[in-house]
Amino acid sequence: MLSASSGVGPERVALDATVPPSLAQSCTAELQQLLQKSPAIRFACLSLTDGRPFAFAGSDEGRLAPRLAAVTASFLGLSESFARESQSGRCTHTTISTENGTIIVVKVAARTRGMALSIGADRYENLAMVLRRTLDAADAIAARLDA
């Protein structure tokens, strides 16, 4: 779990965004369960839409969480702009295919907070399964945020 000593922990985010630390811990637990269910998933990053990390599960958390949170928020913003300009619609999720696997970025449909979730899986995981798990995790996190 992210820690306050790393400078990007849920405690710091909670103070900045008036979110109780227990909520960040609850979201981190949800992400950790996702990684336990599917060994092919390498990371799960929940970020505020301004690019700050909120919850993270995966290896090398201290280095990756702030970087992935910033990229997640930026990519979601770009995807939303592209969807609006090209199809006059809203972006629900974006898929990135790489030589090493798949990354899914989804907007978390919470009423109370703007958040984005990115999930990275290795190349051996089926794209449809990664997408389904990402959408389910986003729904579960939205329910926790709105509770």
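Two strands count as paired if DSSP finds at least two bridges between them. With that in hand, start at β1 and β2: 5 bridges join them, and the two run antiparallel. This is a predicted model.

**Stop 1: the β1-β2 edge**

Select β1 (41-48) and β2 (53-58). Label S47, then look across to β2, where P53 stands opposite. Keep S47 labelled; the tour comes back to it.

**Stop 2: the whole sheet**

Now select the 5 strands. They form an open sheet in the order β2-β1-β5-β4-β3, with antiparallel pairing. Find β2 and β3 at the edges. Each has a single partner strand, so one side of each is left without a neighbour in the sheet. Direction ignored, neighbouring strands are turned by 10 degrees against each other on average. Next, add helix α4, residues 127-146. The helix packs on the sheet and touches β1, β2, β3, β4 and β5. Its direction makes about 30 degrees with that of β4.

**Stop 3: strand β4 and its two hairpins**

Select residues 101-108, strand β4. Is this strand largely enclosed or open? 6 of its 8 residues are buried, so the rest of the structure largely encloses it.

Go to one neighbour, β3, at residues 93-98. β3 and β4 pair in the antiparallel sense over 6 bridges. Zoom in on the turn: the two strands form a hairpin with 2 residues between them. Beside the turn, T98 has G101 of β4 as its bridge partner.

Then go to the other neighbour, β5, at residues 115-122. Here β4 and β5 pair over 8 bridges, again in the antiparallel sense. This pair is also a hairpin, with 6 residues between the strands. For a marker, pick K107; its bridge partner in β5 is A116.

**Stop 4: helix α3**

Select residues 61-87, helix α3. Its 27 residues reach 36 Å from first C-alpha to last, close to the 39 Å expected at 1.5 Å a residue.

Which residues of α3 are buried? Colour E61, A65, A69, T72, A73, L76, S79 and A83. When reading that pattern, recall that an α-helix has 3.6 residues a turn, so residues three or four places apart point the same way. What covers the buried residues of α3 includes β1, β2, β3, β4 and β5. Step just past the end of the helix to S88, which takes a positive phi of about 50 degrees.

**Stop 5: T72**

Centre on T72, in helix α3. At 4% relative accessibility, T72 counts as buried, because the cut-off for buried is under 20%. Which residues does T72 contact, leaving aside its neighbours within four places in sequence? S47, V105, A116, L117 and S118. S47 is the residue opposite P53 from the opening stop, and A116 is the bridge partner of K107. Draw a distance between the side chains of T72 and S118: a polar contact of 2.8 Å joins them.

**Stop 6: zoom out**

Show the whole protein. There are 4 helices and 5 strands. From the N terminus on, the elements run α-α-β-β-α-β-β-β-α. Of the 147 residues, 44% count as buried. Turn on the surface: the protein exposes about 7500 Å², and carbon and sulfur atoms supply 53% of that area. Last, consider a contact map. Among contacts between residues at least 6 apart in sequence, 54% join residues at least 24 apart.

Technical notes
Residues are numbered from 1 along each chain as its sequence is written. This is a predicted model: local features need pLDDT of at least 70, side-chain atom pairs count only at pLDDT 80 or more; totals for chains, interfaces and linings use all residues. Side-chain values use heavy atoms; hydrogens and water are left out. Buried means under 20% relative accessible area, exposed over 50%, partly exposed in between (1.4 Å probe, protein chains only). Contact means heavy atoms within 4.5 Å. Accessible areas come from the Shrake-Rupley method with a 1.4 Å probe; for residues, only the protein chains shown count as cover. The expected span of a helix is 1.5 Å times one less than its number of residues. A polar contact is a pair of N or O atoms within 3.5 Å; within protein, one must be able to donate a hydrogen and the other to accept it, and residues adjacent in sequence count only if both atoms are side-chain atoms. Axes are lines fitted to C-alpha atoms, for helices over the stretch in contact, and angles run from 0 to 180 degrees between N-to-C directions.
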